[in-house]
Structures are given as C-alpha cells and as structure tokens.
Amino acid sequence: MQCTLNMLLDTLASFDPKLHQTVSTDDGIERVCMLWEASDVQDEACLYVATKEMVDNFEGTLPTKLVFIGLLTESMPFDGMRVLISIEGDGTDDRTAERICHLLMHTILSFERWEHALLMHILHRQNIVAILKTASEKLTNPIAMFDNNLTFITRAGRFDGPITGTIWERIESEQSALLDFYTQREQQEIARHTSNDRHPTVFYTINDETHTYVTAQIKIGDQSFGALGLVDINQPFTAGQLDIIQVIADKLKLYFRNNEATALAFENETALFVKLLDGAEADADLVSYHLKAYAWKAGDNFQLMAIRGDFPFDTPMRALPYLKHIKQLFSKGVVLQYAEAIFVVCRYEDYETRNPETVAQIEATLKKLQMYCGVSTVFSQLSDLKYYHPQCHFAMSQCIENTDRHLLCYDACQQTHIIQVLKMQDHLKSFCHAKIFEIWEKGDERDRELIHSLYHYLIHGRNLALSAKALFLHRNTLAYRIQKIAKMLNVDLNTLSENEVNFLMLSCMIVENGID
C-alpha cells in the first residue's frame, strides 16, 4: 500500500494546509518532487510542490497533484486537478517549498519502512504482540486488540493522558470481556457500521462522553477475527490516523490468512479444543499458541471434564443456561459445549480433583445445578485430548447412574469401563482364565473370596504383608487363601511369568466387575 494523501496532510498540519480539490484522499502517493522536476509525461503517483512564482513560470500542462505555496486566485490554471493543496506564504520562497518537499518525502519513506517491518513480522510468523508493537509506532494513541467477544488480548503504545473513565481503565484493571461498557444500541450501531464499511468506525459512548472511540474490524469474507480499538487519550484522531489504522487492519488480515494457528484461535477460542476432541491432528504451533493464550506452558498437567444433567445437551441452546455457571465454576479453564455435554479443559493444579476439599467445593455447586461431572486421568500433552474424552464421558455416565455422587474421577471407574468395552467386543468369558471363570460362576461365596484375595495379592506384587493390610486380613489368613486358590488353579504363583500374572489379574478383575 502507498502513503495516502491524508497521511501527508498530517505532516503538513503545522503549515495549516487547505485542501481545495481531490478526487479521493485514498489516492496513493509514491513520491514528492519540486515542480521544476516535472516532465511532459504526467506522473499520477507523484505529488509536486510549487510556489506561485514556479507556477507562473512553468511551461506546459501542470501536474494533476500539487501543493501550492502562496495566495490562490481564480485566474490560476488549476482546473482539472485531482489534488490541490494550498499553504499561505511567500509565493517566491523556494526554501519553504523545498522544506515541505523534504518533509513529505520523509513521511513517505518512513511509511514504507514501517510497512515493510510489518510485512516481515507476518512473513516470519511473529506473534500479535510484536506486530502491534511495530504498528503503534505510527499511531498517536495506544491501540488494543480484542477477540469477537470484546475480550482484551493485547495492546501497544503509551498513555500521555489520563485513562480514568475510559474503556482503557477497565482493560488495565480487568482485562476481561468489556461488552457492558457499551449500551446495546451502541453495540448495534458499531456492528452495523463495521459490517458495511471497510474503513475504521468512529463512534461515541454514553459511558465516556469526553473521548472519541475508533474500531476497525479484522474480517476476511464472512469470518471475523476480532477488532482493533483506540481512544483519543493522547491526541484527536485525524483522517491520516484513520488511514494508518486501516493499514494495520489490512496487514492483520494478511497475517491471519497466512497463519492458520492464530486464525483458528481468533475465529473461535474453542475451535482448537473441538478439533482435538474430534480426534484431528493439531499443528504444534497452534497448540503452543493456546498454551500461551491461557498462560499455560508445556509440561503442565491437564485434566478433561465432561458435565451434564439428567438430559443431554444435544443443542447449544440447551447448554446455554448452564454454560455461564460452569464458566464461573471453572474460570481458569476452557469451557465448551461438545457431544451432548459441557466440557472443561483445565490444569490439574488449578482444580485438584484428587483433593477432597476441592472435590467437596465443586460437588456443592454441581449439586445445586443438578449436574454431574466426570473427570479424566491427569495428562501432560494437550494434543492428546481425544484419548481422555472417553474417560471423562464414561465417568460422567457412571455419576449420572449413581446419583449420590456429582463428581467422579475416571480412576474410580476404570475397571468398569474396561469390562464394558470388552463386553462390546465379545463375551467376557473369551478374555478370562477358564478356571477362574469356573470358580466364580460355580463356586460359593468363600470361593469368590479366594479370587478377591488373589487379585489383591497380584496387584500388590505378590507381597503378603501389603496385600493383607489392604484386605484388612491377618497375614496367615491371607497366606492360607493364596495357597488354597493356587492349588485350585494348579499353578505355582511364585514362578509365574509377567504375562501369566497379567492374565490372572485381568481375569480376576473381569469376574469381580463384569459377571453378575
């Protein structure tokens, strides 16, 4: 993009320029020259500077874009000009003309360097913070970026004036959703203007009657990726500043087109998590972006929760009344509606669901809402979310079936889940040690106690003391039971291979949990 006429008029502000003729202030200006440098061939990309004396002595057709220094009269040959700017002054003062020419050319070169720096940020996929920091170098007021919910993301630029009473005061203190700063009517007006106009929107709010506000939506086709926002804290907005803001918005559109990770995040803050729950592979850059966005880091321990009431949230509208409460309960996590439930992705350290006090607090709220929550095991790879969806969903279903609990961790129902999955594949007898199945099915209660004792003996590494303690039995009692079940199975428990131990443990688990 080229430097616009409005930007050059800002440079000339101290000379009190008057704009007499213009086809469009959006016209790009690539060069500024003195009138005596003009040739017979019209250069539409060049703005010429001339004194009255230079115009009087010029032979040929005047260029169509001119900064004129002197007193304008009706007799001057300025008909048909695309741009005519006049500055009162000595019509013979070449030094003033040359000074203005150098100032304008410096503005153009400075703009080109600044725009190039923004393009380099985009090319190297630097983050929004770096882009906005460079962007703010051409702005007279601080700039902020918001997502589609008007949640503050980042800002750049400094305050030279007080921010009391402005939206900046809320941003600096809360850094949260700011929609309530504007009335509903103001929001509708802003939305109407930003949807119909590609230029930044200037508006006012009843909550801050002393300042002017500007917003520029970052929209590609029908998709919105947030918006830029500014307030005239330092200086009033000029047409040139509005053009600069539009350039920044256009560059951010280019950034989102070329950066899938960030585009997905700004299009919908939960889009990544839906993608991961669907089982899709996620780019490492995308996962990294979200970790930073939520102040999480690689190596953090996470957990996934599934929450619903007695009925499924099969549509977003059915989940909507509950989403607000769940977001308040898990304010440090990501909350979304997915697969007929509300899901929460959060760090374990923020909600220690293995801590009885934390569980009691969460359950108290869930009980009031008549909702049930299943919690996955703890994991460290956010990209592995798809593996923990079945865990928390199953734990939630178990919670609903046993309504005395409102929160259940997967650890407590893992065996039941495994049995159910095996049942769907084949009859449980297919996965079981034949003799253990026979003892459980045909034996009496004492025989079943032998299998229960064997299971604990095996999961405690065949350690009699630990096993007896877990079963609240005397060591000799357990030793007798183990000896008896070993004889019934016709095995030497001390010489079993690892595979044989695992097979016996699985068989004990199957008959205890899956055979009625």
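Biologist: In which helix does Val 247 lie?

Modeller: In this predicted model, Val 247 belongs to helix 7, which covers residues 239–257.

Biologist: Is Val 247 buried or exposed?

Modeller: A residue is called buried when its relative accessible area is under 20%. Val 247 has a relative accessible area of 0%, so it is buried.

Biologist: How far apart are the C-alpha atoms of Val 247 and Arg 448?

Modeller: They are separated by 77 Å, and the two residues stand 201 residues apart along the chain.

Biologist: How should I read the overall form of the protein chain, and what is its radius of gyration?

Modeller: One begins with the elements: the protein chain has 19 helices and 17 strands. Its radius of gyration is 36 Å, whereas the globule rule gives 24 Å for 516 residues; the value is well over the rule, so the chain is more spread out than a compact globule. The C-alpha atoms fill a box of roughly 120 × 45 × 35 Å along the principal axes.

Biologist: What percentage of the residues is buried, and what is the accessible surface of the protein chain?

Modeller: Buried residues account for 48% of the 516 residues. The accessible surface is about 26,700 Å², and carbon and sulfur atoms contribute 48% of that surface.

Biologist: What percentage of the contacts joins residues at least 24 apart?

Modeller: Here one considers contacts between residues at least 6 apart in sequence, and 59% of them join residues at least 24 apart.

Biologist: How many positive and negative charges does the protein chain have, and how far apart are their mean positions?

Modeller: There are 47 positive and 69 negative charges, and their mean positions lie 11 Å apart.

Biologist: Let us turn to single residues. Where does Asn 141 lie, and is Asn 141 buried or exposed?

Modeller: Asn 141 sits in the loop that connects helix 4 (128–135) with strand 8 (143–146). A loop residue may be read with the cut-off already used: the relative accessibility of Asn 141 is 3%, and therefore it counts as buried.

Biologist: Which polar atoms lie close to the side chain of Asn 141?

Modeller: The side chain of Asn 141 forms a polar contact of 3.5 Å with the side chain of Thr 140. A polar atom of the Asn 141 side chain also lies 3.2 Å from the backbone nitrogen of Ile 233. When neighbours within four places in sequence are left aside, the contacts of Asn 141 include Leu 230, Asp 232, Ile 233 and Phe 237.

Biologist: Where does Thr 166 lie, and which residues does Thr 166 touch?

Modeller: Thr 166 is placed in the loop between strand 9 (152–156) and helix 5 (167–173). With a relative accessible area of 1%, Thr 166 is buried. Its side chain reaches the backbone nitrogen of Trp 168 at 3.1 Å. Not counting residues up to four places away in sequence, Thr 166 touches Phe 181, Asp 208, His 211, Tyr 213 and Ile 233. Ile 233 is thus met again, having been named among the contacts of Asn 141.

Biologist: How is Thr 22 placed, and in which strand is Thr 22 found?

Modeller: Thr 22 is found in strand 2, residues 18–22. Its relative accessibility is 34%, so Thr 22 counts as partly exposed. Leaving aside neighbours within four places in sequence, Thr 22 is in contact with Leu 5, Arg 82 and Val 83. The C-alpha atoms of Thr 22 and Leu 5 are separated by 9.4 Å, with their positions 17 residues apart along the chain.

Biologist: Is Asp 79 buried or exposed?

Modeller: An exposed residue has a relative accessible area over 50%. Asp 79 has 76% relative accessibility and therefore counts as exposed. Asp 79 lies in the loop between strand 6 (65–69) and strand 7 (83–87). Asp 79 and Gln 21 are 58 residues apart in sequence, and their C-alpha atoms are 9.4 Å apart in space.

Biologist: How should I read phi, and what is the phi of Ala 339?

Modeller: Most residues other than glycine have a negative phi. Ala 339 has a positive phi of about 45 degrees, although it is not a glycine. Ala 339 is in the loop between strand 14 (334–338) and strand 15 (341–347), and at 39% relative accessibility it counts as partly exposed.

Biologist: What is the phi of Asn 490, and where does Asn 490 lie?

Modeller: The phi of Asn 490 is positive, near 60 degrees, in a residue other than glycine. Asn 490 lies in the loop between helix 18 (475–489) and helix 19 (498–514). Asn 490 is exposed, with a relative accessible area of 70%.

Note on methods
Residues are numbered from 1 along each chain as its sequence is written. This is a predicted model: local features need pLDDT of at least 70, side-chain atom pairs count only at pLDDT 80 or more; totals for chains, interfaces and linings use all residues. Side-chain values use heavy atoms; hydrogens and water are left out. Helices (H or I, at least four residues) and strands (E, at least two) are DSSP runs, numbered from the N terminus. The radius of gyration is taken over C-alpha atoms; the globule rule is 2.2 Å times the number of residues to the power 0.38. Buried means under 20% relative accessible area, exposed over 50%, partly exposed in between (1.4 Å probe, protein chains only). Contact means heavy atoms within 4.5 Å. Accessible areas come from the Shrake-Rupley method with a 1.4 Å probe; for residues, only the protein chains shown count as cover. Lys and Arg count as positive and Asp and Glu as negative; His and the chain ends are not counted. The place of a charge is taken as NZ of Lys, CZ of Arg, CG of Asp or CD of Glu. A polar contact is a pair of N or O atoms within 3.5 Å; within protein, one must be able to donate a hydrogen and the other to accept it, and residues adjacent in sequence count only if both atoms are side-chain atoms.
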